[in-house]
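This report describes the fold, the buried interior and the charged pairs of the structure shown below.

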Amino acid sequence: MNCYPQAFSDRIFVRLDGKETKTNLILTNTMSRQNVGTVISIGPLVQSVEIGDKVVFHLFDDLPSHAPNVVVIREKSLLGKLLPAH
């Protein structure tokens, strides 16, 4: 059975992206933990992002979830959105 996460409160479910991200940021491979991903569910109190946004969040503020490559963070752990390169 496939389950889709429904975030509560100020929580955000993020699917971690692959190592290659096309942005104007330079991402190094020096850390084994990843803090870039795509928002797949937001709680009702979240105001700064929407489902589908690519985000960067504070490293070590994530919690594992029910699915591999999906983490849960609080909205205050967001560092920003990744926008397409022009």
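Strand S1 (residues 11-16) and S2 run antiparallel and are joined by five bridges. Within this pairing, Ile12 has Ile42 of S2 as its bridge partner. The model under discussion is predicted. Strand S2 (residues 36-42) also pairs with strand S3 (residues 54-57), again in the antiparallel sense, over three bridges. Two residue pairs mark this second junction: Thr38 has Lys54 of S3 as its bridge partner, and Val36 stands opposite Val56 in S3. S2 is mostly covered, since six of its seven residues are buried.

These strands belong to an open sheet of six strands, ordered S4-S5-S1-S2-S3-S6, with antiparallel pairing. The edges are formed by strand S4 (63-64) and strand S6 (78-81), each of which pairs on one side only. The protein chain contains six strands and zero helices, and from the N terminus on its elements run β-β-β-β-β-β.

**Chain totals and contacts**

Of the 86 residues in the protein chain, 37% are buried. The accessible surface of the chain comes to about 6,100 Å², and carbon and sulfur atoms account for 56% of that area. Among contacts with a separation of 6 or more, 60% are between residues 24 or more positions apart.

Leu16, which is placed in strand S1, illustrates contacts between separate parts of the chain. Not counting residues up to four places away in sequence, Leu16 touches Gln34, Val36, Gly37, Phe57, Asn69 and Val71. Its C-alpha atom is 8.9 Å from that of Val39, a residue 23 positions away in sequence.

**Nonpolar cores**

In soluble globular proteins, nonpolar side chains tend to be buried together. Here the largest nonpolar core has ten residues: Ile12, Val14, Val39, Val46, Val49, Val55, Phe57, Val71, Ile73 and Leu78. S1, S3 and S5 are the elements that give two or more residues to this core. A second, separate core has five residues, including Ala7, Ile40, Val70 and Val72.

Val14, a member of the ten-residue core, has contacts that include residues listed for both cores. Leaving out residues up to four places away in sequence, Val14 touches Gly37, Thr38, Ile40, Val55, Phe57, Asn69, Val70, Val71 and Ile73.

Val49 also belongs to the largest core, although its place is in the loop between S2 and S3. Val49 counts as buried because its relative accessibility is 5%, against a cut-off of under 20%. Apart from residues up to four places away in sequence, Val49 touches Ile12, Val39, Ile42, Val55, Leu78 and Lys81. The C-alpha atoms of Val49 and Gly80 are separated by 9.1 Å, and these residues are 31 apart along the chain.

A further buried loop position is Ser77, with a relative accessible area of 5%. Ser77 is located in the loop between strand S5 (70-74) and S6. Leaving aside neighbours within four places in sequence, Ser77 is in contact with Phe57, His58 and Asp61.

**Salt bridges**

The count of salt bridges comes to four. Three of them are listed here.

| Pair | Closest N to O distance |
|---|---|
| Asp10 and Arg74 | 3.4 Å |
| Asp17 and Lys54 | 3.0 Å |
| Lys81 and Asp53 | 3.6 Å |

Asp10 lies in the segment before S1 and Arg74 in strand S5, so their salt bridge ties together parts that are 64 residues apart in sequence. Asp10 is buried, at 18% relative accessible area, whereas Arg74 is partly exposed, at 35%. Asp10, Arg11 and Arg74 are linked in a network of salt bridges.

Asp17 lies in the loop between S1 and S2 while Lys54 is in strand S3, so this pair ties together parts that are 37 residues apart in sequence. Asp17 is buried, with a relative accessible area of 13%; Lys54 is partly exposed, with a value of 35%. Lys54 is also the bridge partner of Thr38 in the sheet.

The pair of Lys81 in strand S6 and Asp53 in the loop between S2 and S3 links distant parts of the chain, 28 residues apart. Lys81 counts as partly exposed at 44% relative accessibility, and Asp53 as buried at 17%. Lys81 is also one of the residues that Val49 touches.

Note on methods. Residues numbered from 1 in each chain as written. Predicted model: local features only at pLDDT ≥ 70, side-chain atom pairs only at ≥ 80, totals over all residues. Heavy atoms only, no water. Pairing = 2+ DSSP bridges. Helix = DSSP H or I, 4+ residues; strand = E, 2+ residues; numbered from the N terminus. Buried < 20%, exposed > 50% of the residue type's maximum accessible area, 1.4 Å probe, protein only. Contact = heavy atoms within 4.5 Å. Areas by Shrake-Rupley, 256 points an atom, 1.4 Å probe, with all protein chains shown as cover. Core = buried A, V, L, I, M, F, W, Y, C linked by side-chain atoms within 4.5 Å. Salt bridge = Lys/Arg side-chain N within 4 Å of Asp/Glu carboxyl O.
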